[in-house]
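User: I'd like a close look at one part of this model, the sheet and whatever sits around it. Take your time and walk me through it in one go.
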Amino acid sequence: MCEIVFEGHIPSVNHIYSRSQYGTYLNDQGKKFKTILGWTARKQKVKKLTGNVKLYFEWHCVKKGQGDLDNKCKVIQDGLNGIAYIDDKQIIELHAKKIQFSTFDGVLIRIEELKYANEKRRTTKEQTKKR
């Protein structure tokens, strides 16, 4: 398990992507945030995980409101691609909490590799056939 403490403003997913006639792309604000988050994670010695991953977000806000929790989670997930895990497809469990009127703006991220989730499991269809 590893932890990342990121202090500062976390942009919404709605603000880091732009659209053009050619599709959606990461804009300058998104590139800047992803770079800062990446350096923060590397400075805190985060190692890239290769298996299935569980993420825990604790988003701290000095004021009430300040955006949607799910949008902030997606920005962090995208920002940690290639740094804390190979791809955010590895995330199979997610826990998120927003703490309003905190003493700081930022996020605490815990990342854990799930060993049990790498085992082959029967699907619901396979379980039904066995009965």
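Let's start with a single pairing: which residue of strand 6 stands opposite Leu-55?

Analyst: It's Ile-111: that residue of strand 6 stands opposite Leu-55. Bear in mind that this is a predicted model, so everything here is computed from predicted coordinates.

The Leu-55 pairing belongs to a longer run. Strand 4 (residues 53–60) and strand 6 (residues 106–113) are paired in the antiparallel sense, with 8 bridges between them. You can pick up the same two strands at another position, where Phe-57 has Ile-109 of strand 6 as its bridge partner.

Now step back to the whole sheet. It is open, has 4 strands in the order 1-6-4-5, and its pairing is mixed. At the edges you find strand 1 (2–7) and strand 5 (91–99), each of which pairs on one side only. From one strand to the next, the twist averages 15°.

On the other side of strand 6 comes strand 1, as the order 1-6-4-5 tells you. Strand 1 and strand 6 are again antiparallel, this time over 6 bridges. Two of the matches are worth clicking on: Glu-3 stands opposite Arg-110 of strand 6, and Val-5 has Leu-108 of strand 6 as its bridge partner.

Those two residues also sit together when you look at the faces of strand 1. Glu-3, Val-5 and Glu-7 make up the uncovered face, while Cys-2, Ile-4 and Phe-6 make up the covered one. Cys-2 on that covered face is buried, because its relative accessibility of 17% is under the 20% cut-off. Another cysteine, Cys-61, goes further, with 0% relative accessibility, and is buried too. As for sulfur pairs, the count of disulfides comes to 0.

Cys-61 leads us to the opposite edge of the sheet, since Ile-99 touches it. Ile-99 lies in strand 5. Setting aside neighbours within four places in sequence, Ile-99 is in contact with Glu-58, Trp-59, His-60 and Cys-61. Take His-60 as the example: it is 39 residues away from Ile-99 along the chain, yet their C-alpha atoms are separated by 4.8 Å. Ile-99 itself counts as partly exposed, because its 26% relative accessibility falls between the 20% and 50% cut-offs.

Just beyond the sheet strands, a couple of loop residues deserve a look for their backbone. Phe-101 is found in the loop between strand 5 and strand 6. It has a positive phi of about 60° although it isn't a glycine, and its side of the story on accessibility is 60% relative accessible area, so it is exposed. Lys-45 does likewise, with a positive phi of about 60° and no glycine there to account for it. Lys-45 lies in the loop between helix 2 and strand 4, and at 69% relative accessible area it is exposed.

Helix 2 brings us to the helix packing. Two packed helices are described by the angle between their axes and the distance between the axes. For helix 2 (residues 28–43) and helix 3 (residues 69–79), the axes come within 9 Å and cross at roughly 65°. That angle makes helix 2 roughly perpendicular to helix 3. The contact involves Phe-33, Lys-34 and Leu-37 on helix 2, and Val-75, Ile-76, Asp-78 and Gly-79 on helix 3. As for its hand, the crossing of these helices is right-handed.

Finally, here is how the close-up fits the chain. There are 4 helices and 6 strands, and from the N terminus on they run β-α-β-β-α-β-α-β-β-α. Of the 131 residues, 37% are buried. Among contacts between residues at least 6 apart in sequence, 80% join residues at least 24 apart. The Ile-99 and His-60 pair, at 39 residues apart, gives you one concrete example of sequence-distant residues with their C-alpha atoms 4.8 Å from each other.

Conventions: Residues numbered from 1 in each chain as written. Predicted model: local features only at pLDDT ≥ 70, side-chain atom pairs only at ≥ 80, totals over all residues. Heavy atoms only, no water. Disulfide = S-S within 2.5 Å. Buried < 20%, exposed > 50% of the residue type's maximum accessible area, 1.4 Å probe, protein only. Pairing = 2+ DSSP bridges. Axes fitted to C-alpha atoms, helices over the stretch in contact; angles between N-to-C directions. Parallel < 35°, antiparallel > 145°, perpendicular 65-115°, else oblique. Left-handed = near helix turned anticlockwise from the far one by under 90°. Contact = heavy atoms within 4.5 Å.
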